[in-house]
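Hi there,

Here is the structure I promised to pass on to you. Have a look at it first, and then read on for what turned up in it.

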Amino acid sequence: MSKTQPTRMPPLQGLYYFYQAAHLGSFKAAADALFVTAAAISQQIRLLEEWLETPLFYRQHRKVTLTPEGEVLFKHAQQGFKSILNGVWLLNNDPSPHQLSLSTLPSFSQNWLVPRLAQFRAAYPDLSILVESTTTLNTFEQSSIDLCIRYGGGRYDGLQCEWLMGDILYPVCHPLYQQQHGIYAVEDLYKGHLISDMWRDMDWTRWFNTVGTAGGCSTITYNGSNYAIEGALSLQGIVLARHSLVQRYIADNSLVRIGQVAVKPTNGYFLCAPAGYFKRDKVDQFCQWIKQQATAFQQTWPDNITLFEDVSAGI
């Protein structure tokens with residue numbers, strides 16, 4: 001009758017001591033490599049043999065050799081510990097030092113990051129850049145991504161999150177739409193069609209309640225800021241937008257801001273990755289650069305504007 005595959009792990013210390021002794025062919029050599037006594041090596045291996053109910057070594061005067069059972073275990077232990085060591089190395093080392101792979105929200109990538117990347121590339125011409133636009137927070141174990149940029153509360157399990165910058169929310173529309181409907185103040189918003197974004201912090205009702213005024217009803221909803229902003233650019237109505245996503249359109253007069261009020265959410269943009277990834281040279285260089293860009297960008301917040309604080313749910 002064949003034995004079933006074990007579901008319990010053997011003593012890991014004994015397994016590692018066994019691996020070292022088998023690799024070096026000597027209990028004493030393993031003890032020297034691990035800075036323990038040969039007696040400690042012998043004891044742990046003996047406990048492992050008792051757990052397995054089989055001898056792993058033929059013990060000779062100055063050396064040890066593997067039994068057939070020991071040969072089988074050593075082959076698999078070698079593969080296992082090699083995989084573990086590779087994983088540990090990856091935590092603090094970079095398998096692709098000449099390529100920086102970023103994951104960002106599509107709206108942030110298109111409207112804020114990409115227009116600025118030429119400056120980073122000029123500073124680091126030998127570094128190639130991959131930008132992946134997605135609303136999903138990456139599982140770093142299953143991808144080659146070095147760094148995520150996300151908007152939310154900055155609390156993501158297993159990741160180190162560093163603050164990048166905050167933002168403000170205000171209504172914008174196309175200047176022709178503004179003229180056609182006579183929308184120049186927050187109190188005029190009821191005159192136009194309100195474009196909604198399905199993201200939670202872009203809710204019109206929440207924004208009106210925060211600034212203390214009434215408004216109209218949303219007539220069209222998009223799943224994503226890019227689409228909502230495009231709707232405003234094509235004269236479909238008024239969109240509630242983040243300053244980070246529409247500042248460049250306001251600068252070239254493609255969109256105009258309505259009124260003198262804005263809402264400042266507690267959410268913000270964060271740089272997210274496993275802690276060890278931040279030690280990579282290319283990640284450190286990019287983080288320093290983008291934090292400088294963010295500091296400069298926040299100086300473009302509108303003057304003479306009344307800011308209202310809001311608490312938004314993380315995304």
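Arg 116 sits over the face of Trp 112, at 4.2 Å from the ring centre. Please keep in mind that this is a predicted model. A second arginine is placed over a ring as well: Arg 242 lies over the face of Tyr 151, at 3.8 Å from the ring centre.

Both of those rings belong to a wider group. Which residues make up the aromatic cluster? Phe 108, Trp 112, Tyr 151, Tyr 269 and Phe 297 form it together.

If you enjoy looking for rings, there is plenty to find, as a search of the whole structure gives 18 aromatic pairs. Take Phe 120 and Tyr 124: their ring centres are 4.9 Å apart and their planes meet at 40°, so this pair is tilted. To count as stacked, the planes would have to be under 30 degrees apart, and to count as edge-to-face, over 60. Are these two residues buried or exposed? Phe 120 is buried, with a relative accessible area of 0%, whereas Tyr 124 is partly exposed, at 28%.

Now for the strands. As a reminder, strands of a sheet pair through backbone hydrogen bonds, in either a parallel or an antiparallel way. In this model, five strands form an open sheet with mixed pairing, and their order is β4-β3-β5-β13-β6. Its edge strands are β4 (128–133) and β6 (160–165), each of which pairs on one side only. On average, neighbouring strands of this sheet are turned by 25° against each other, direction ignored.

Try zooming in on one pairing. Strand β3 (residues 99–104) runs parallel to β4, and six bridges join the two. Which residue of β4 stands opposite Leu 100? The answer is Ile 129.

A helix also packs on this sheet: α11 (residues 281–297) touches β3, β5 (147–152), β6 and β13 (268–273). The direction of α11 makes about 30° with that of β6.

Finally, look at strand β12 (residues 261–265). Four of its five residues are buried, which leaves the strand mostly covered. β12 pairs in the parallel sense with strand β14 (residues 306–310), over five bridges. Within that pairing, Val 261 has Thr 306 of β14 as its bridge partner.

Have fun exploring, and write back with any questions!

Best wishes

Note on methods. Residues numbered from 1 in each chain as written. Predicted model: local features only at pLDDT ≥ 70, side-chain atom pairs only at ≥ 80, totals over all residues. Heavy atoms only, no water. Pairing = 2+ DSSP bridges. Axes fitted to C-alpha atoms, helices over the stretch in contact; angles between N-to-C directions. Contact = heavy atoms within 4.5 Å. Buried < 20%, exposed > 50% of the residue type's maximum accessible area, 1.4 Å probe, protein only. Phe/Tyr/Trp six-rings, centres within 6.5 Å; stacked < 30°, edge-to-face > 60°. Lys NZ or Arg CZ within 6 Å of the ring centre and 35° of its normal.
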